[in-house]
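Reader: I am new to this structure. Please show it to me, and then let us talk about how its parts pack.

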Amino acid sequence: MGLTAAFPMQRQTISISSKLFIVSAHRYFILRSTQLRSLEYLEGASCFSEEYGCICNSLYSDRSSPNNSYIRTPSKSNQHVIRATSGVVDNQPFQGLSVDLRGKRAFIAGVADDNGYGWAIAKSLAAAGAEILVGTWVPALNIFESSLRRGKFDESRKFSDGSLMEITKVYPLDAVYDSPEDVPEDVKTNKRYAGASNWTVKEVAESVKKDFGSIDILVHSLANGPEVTKPLLETSRNGYLAAISASSYSFVSLLKHFLPLINPGGASISLTYIASEKIIPGYGGGMSSAKAALESDTRVLAFEAGRNHNVRVNTISAGPLRSRAAKAIGFIDMMIDYSLENAPMQKELTAEEVGNAAAFLASPLASAITGAVIYVDNGLNAMGVGVDSPVFSDLAIPKAAHVA
């Protein structure tokens with residue numbers, strides 16, 4: 001296996017296991033026998049080991065690294081980049097295929113804790129090399145920032161090499177309001193918003209432009225339905241429209257205001273749910289309608305953003321997760337159990353799997369994918385019936401070995 005790592009340092013020579021490594025500020029080489037090969041350019045100085053792990057801080061050997069490609073960038077200052085690639089043949093280095101977002105900047109709207117899909121997407125994007133900015137709901141901002149400062153999220157921030165994900169800046173955000181003129185007086189004077197400023201969608205976009213100039217990736221990871229536990233026939237007009245506003249139009253607004261900041265070739269991603277197209281009893285209050293609208297808007301926005309700005313727009317239909325937000329619905333455990341029994345892949349979905357799918361969609365590897373709903377739900381969306389029903393008890397329906 002080959003492992004590469006990049007980090008700022010002066011020119012030096014490193015010897016590992018009788019192989020000579022020449023490190024320079026522009027290019028790295030490996031001197032093996034009498035053959036000198038230029039392997040690859042990375043910003044800053046670099047080191048390379050064909051067989052042994054070379055980690056920036058400690059330079060230790062690691063024979064346990066997986067054969068599949070991955071990237072790790074644990075800090076916003078890009079102090080070091082670690083990438084493992086597939087095996088190297090003696091005389092012909094193999095260029096591994098990897099998700100590479102180095103030099104990219106992402107804004108993730110809707111991160112307020114460390115156990116939801118928004119956090120997982122931020123971490124996967126950071127692992128691929130992107131700089132991370134987040135927008136946090138104003139009433140949750142103080143707790144979120146305090147938890148970050150006090151190290152409460154450090155375990156969740158940790159990458160496999162022990163380094164921590166860095167969040168460059170946290171912005172207060174309430175995506176229900178497009179501009180200051182839209183904010184009602186009772187919200188302006190609400191103590192949960194006291195001390196916060198410039199948190200409407202327009203103001204946040206302006207702040208990001210002022211601070212950073214541009215971004216490459218926009219992620220919409222927020223939704224709210226105040227009457228989500230009510231059946232649709234019992235949902236009020238205000239409750240229904242509130243669900244649409246917070247869960248689907250907020251994406252339209254975010255993309256509208258951030259598009260001028262997104263560099264050509266950039267990407268935008270939102271999160272949807274299978275209730276947009278299938279009946280999920282208990283997922284009410286207009287939320288199923290909001291997700292259906294979000295998916296429809298994804299297709300229209302893909303055309304408009306693609307033609308006008310060369311930006312791709314996709315949405316991920318994620319399976320059930322035991323997040324704090326999902327627990328508000330009240331039956332998330334049942335949905336997870338149902339998925340375990342009926343999905344083609346009989347395992348519990350992890351937030352990391354959704355995060356990794358988002359990293360792929362944001363990368364050049366997905367440059368021809370836009371206007372799509374990408375299902376990350378262990379295949380549950382493909383099922384037409386629940387195979388755990390007693391009706392199918394006489395059928396020899398296979399179970400995963402670890403479930404049987």
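Reader: At what angle do helix α6 and helix α7 pack, and how far apart are their axes?

Author: This is a predicted model: local features need pLDDT of at least 70, side-chain atom pairs count only at pLDDT 80 or more, and totals for chains, interfaces and linings use all residues. Residues are numbered from 1 along each chain as its sequence is written, and side-chain values use heavy atoms, without hydrogens and water. Helices here are DSSP runs of H or I, at least four residues, and strands are runs of E, at least two, numbered from the N terminus. Axes are lines fitted to C-alpha atoms, for helices over the stretch in contact, with angles from 0 to 180 degrees between N-to-C directions; α6 (residues 237-258) and α7 (residues 287-309) pack at about 20 degrees, with axes 8 Å apart.

Reader: Is α6 roughly parallel or roughly antiparallel to α7?

Author: Angles under 35 degrees count as roughly parallel, over 145 as roughly antiparallel, 65 to 115 as roughly perpendicular and the rest as oblique. The angle is about 20 degrees. Therefore α6 is roughly parallel to α7.

Reader: Which residues of α7 make the contact with α6?

Author: Contact means heavy atoms within 4.5 Å. From α6 come Tyr240, Ala243, Ile244, Ser247, Ser248, Phe251, Val252 and Leu255. From α7 come Met287, Ser289, Ala290, Ala293, Leu294, Asp297, Thr298 and Leu301.

Reader: Which element gives the most to the largest nonpolar core?

Author: Such a core joins buried (under 20% relative accessible area, 1.4 Å probe, protein chains only) Ala, Val, Leu, Ile, Met, Phe, Trp, Tyr and Cys residues through side-chain atoms within 4.5 Å. The largest has 41 residues. Elements giving two or more include β9 (105-109), α1 (117-127) and α10 (351-362). With eight residues, the top giver is α1.

Conventions. Buried means under 20% relative accessible area, exposed over 50%, partly exposed in between (1.4 Å probe, protein chains only).
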